[in-house]
Amino acid sequence: MKDYIQALLQSAVDELVTEGRLPADLHHKVPVSRNRDPAYGDFATSAAMQLAKAAGRKPREIAAEIIQRLPEDPRIENVQIAGPGFINVYLTSAARLSVVQTVLEQGPDYGRSTLGAGRRIQVEYVSANPTGPLHVGHGRGAAYGAVIANLLGLVGFSVQREYYVNDAGRQMDILAASVWLRYLERCGEQFKFPVNGYKGDYIREIAEALYAEHGTVWSAPAATVFEGVSPDEPENGDKEAHIDGLIERARLLLGANRYRYVFEMGLNFILDDIREDLHAFGVDYDVWYSETSLTECGLVNRTVERLREAGHVYEKDGALWFASSAFGDEKDRVVQRDNGQTTYFASDIAYHMDKFERGFERVIDVWGADHHGYVPRVKAALRAVGKDPDLLDVLLVQFVALYRGKERVQMSTRSGSFVTLRQLREEVGNDAARFFYVMRTASQHLDFDLELAQSQSADNPVYYIQYAHARVCSVMQQLEDQGLTYDPAHGARNAHLLETDHEHTLVNLLSRYPELIEDAALAAEPHQLAHFLRELAQGFHAWYNAHQFLVEDDSLRNARLNLCLAVRQVIRSGLALLGVSAPEAM
């Protein structure tokens, strides 16, 4: 309805331009907002005030002329000028109530639109290094990215969901070395495990699988392995040099082929676990994009060469530097080290350049807040290679603080003492996890209250919303148990009987849903939907507690059941977008 009112007002303004009553070069899109207070009508526009300066006229005069050019419409009861020049539009009761029938007719398609017009958007999210299981922090990015993709798809964009697999670089080598060292322990070798190695139990699982396949054939004496390697004791050693030395020893003692086998065994074991974990969380991808593939196909080198040819790369201390400070970054960045190896940043440039060369008109990256420093440098690189950096939106998701009772749980990937996403799901369930992750803006830190997430009370938002859905199902079951009938067509003819304040509130909320979906999709703000569903559930529970639905009067009963089922449909659709189930009994 909002779009319909906007179109009427726009047509009136365009008519004034055609008549010469407004400047001929005026290209003004009429803004329309929904009024919260029904005393001021259903919709309002400030168009007259915005046009006044360009036209050199008083806003109220322009508002009067806009109203004069509005056609007679059975859905509009009144149009008034308010204050300095606002135009308030009042719908008829029948027009407002028609949303109930619209929801029932469209079902799960209510809220769907063609706003995106098929434009291609890529949403990349999670993309955690495959060096260990996903932890609760990754879960928030997974929930956010998945819901954003769902929202964009519903409003007509062609969405590709992508996971960037960081399967190259030093962290992956540390993983491979960690697996081999645990394998050596399994073979009976004794030594102090490196401080900077990955220590989680999953490393032992991979090592056990390696031992099951090859026995002790790939083993080596600990003395040989640690020969010439820098110590990692805090007082006399370098932890980074120690682990790097062990990586080199692993390469040397295993040989290229066996080292690669251990490397890929660790990678695939963890990547399979991540895929499984995300799928169980209701998060699936269209593309798993390998960082290694960028190098293997030569795209990273071509990207560096492209920057060089454009004059944006210079040599210093044997390395190649991208002059990113010239494009808004705080300082220049190395893209190729003095040993000839390209950097992770060079891969990042190549990857983002490739995104746009694959034809995406907009790219959304969902990153952890600790990556905030990468945003200006990636945008600088896009500008340098001739891409519009404004087509890249980076959503920084703040950290999750997990509380068990009053104790905050600390997380550390290498030590393995973190709470995994899988553990969280097992404790509170997928529904609570998915909802709690998105009920605040991405820019807000999230204190995840485990006790609240598991409580069956009105304080638990996901339970409160699901309970509203289950209550409608219970009403329909009671209808059947009492031998009463339900006639939706009869209810539609008697929608005018929905005249209580509670019913008006619910009707207004239902009519806002399509606009809410579009706003949440374009702004990439899933929390808008979470808050809306809670408000809708609150409105329903208040109505349920104040009125009887299964009344003797057939007309009123059918009208109220129609509204009940419309509320249930919108709750079900909204929860589905959030990746949350809608139980029929609780």
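How many aromatic pairs does the structure hold? In this predicted model, the number of aromatic pairs is 24. One of them joins Y513 and F532, whose ring centres lie 5.7 Å apart with 40° between the planes, a tilted arrangement. This pair links distant parts of the chain, since Y513 belongs to helix 19 (residues 501-523) and F532 to helix 20 (residues 526-546), the two residues being 19 apart. Y513 has a relative accessibility of 1% and therefore counts as buried, the cut-off being under 20%. F532, at 2% relative accessibility, counts as buried because that value also falls under 20%. A further pair is formed by F540 and F549: the ring centres are 6.1 Å apart and the planes stand at 50°, so this pair is tilted. Both F540 and F549 are buried. Elsewhere, ring pairs connect Y125, Y163, Y285 and W288 into a cluster.

From the rings the account passes to the nonpolar interior. In soluble globular proteins, nonpolar side chains tend to be buried together. In this model the largest nonpolar core comprises 134 residues, and the members that touch the most others are V123, Y437 and F448. The greatest contribution to this core comes from helix 9 (residues 239-280), which supplies 14 residues. A second core, separate from this one, has 26 residues, including V13, L26, V30 and L91. The surroundings of Y437 can be listed in detail. With neighbours within four places in sequence set aside, Y437 is in contact with V136, G139, R140, A143 and Y144, with F281 and V400, and with L421, L424, L446 and F448.

Helix 17 offers a check on helical geometry. This helix covers residues 461-481, and at 1.5 Å a residue its 21 residues should span 30 Å; the C-alpha atoms at its ends are 30 Å apart, so the model agrees with the expectation. The expected value follows because the rise is multiplied by one less than the number of residues. Helix 17 is also mostly covered, with 15 of its 21 residues buried. Just after this helix, G483 adopts a positive phi of about 70°.

The strands provide a further element. Which order do the three strands of the open sheet follow? The order is 8-9-10, with antiparallel pairing. Strand 8 (313-316) and strand 10 (333-336) occupy the edges and have a single partner strand each, so one side of each has no neighbour in the sheet. On average, neighbouring strands here are turned by 45° against each other, direction ignored. Four bridges connect strand 8 with strand 9 (residues 319-322) in the antiparallel sense. Within strand 9, A319 is the bridge partner of K316.

The last site is a loop residue. E361 is located in the loop between helix 12 (344-357) and strand 11 (362-368). Is E361 buried or exposed? With a relative accessible area of 42%, E361 is partly exposed, because this value lies between the 20% limit for buried and the 50% limit for exposed. Residues up to four places away in sequence not being counted, E361 touches R119, R120 and L391. Of these partners, L391 is 30 residues from E361 in sequence, while the C-alpha atoms of the two residues are 7.0 Å apart in space.

Key: Residues are numbered from 1 along each chain as its sequence is written. This is a predicted model: local features need pLDDT of at least 70, side-chain atom pairs count only at pLDDT 80 or more; totals for chains, interfaces and linings use all residues. Side-chain values use heavy atoms; hydrogens and water are left out. Buried means under 20% relative accessible area, exposed over 50%, partly exposed in between (1.4 Å probe, protein chains only). Two strands pair if DSSP finds at least two bridges between them. Axes are lines fitted to C-alpha atoms, for helices over the stretch in contact, and angles run from 0 to 180 degrees between N-to-C directions. A nonpolar core is a set of buried Ala, Val, Leu, Ile, Met, Phe, Trp, Tyr and Cys residues joined through side-chain atoms within 4.5 Å. Contact means heavy atoms within 4.5 Å. Rings of Phe, Tyr and Trp (its six-membered ring) pair if their centres lie within 6.5 Å; planes under 30 degrees apart count as stacked, over 60 as edge-to-face and the rest as tilted.
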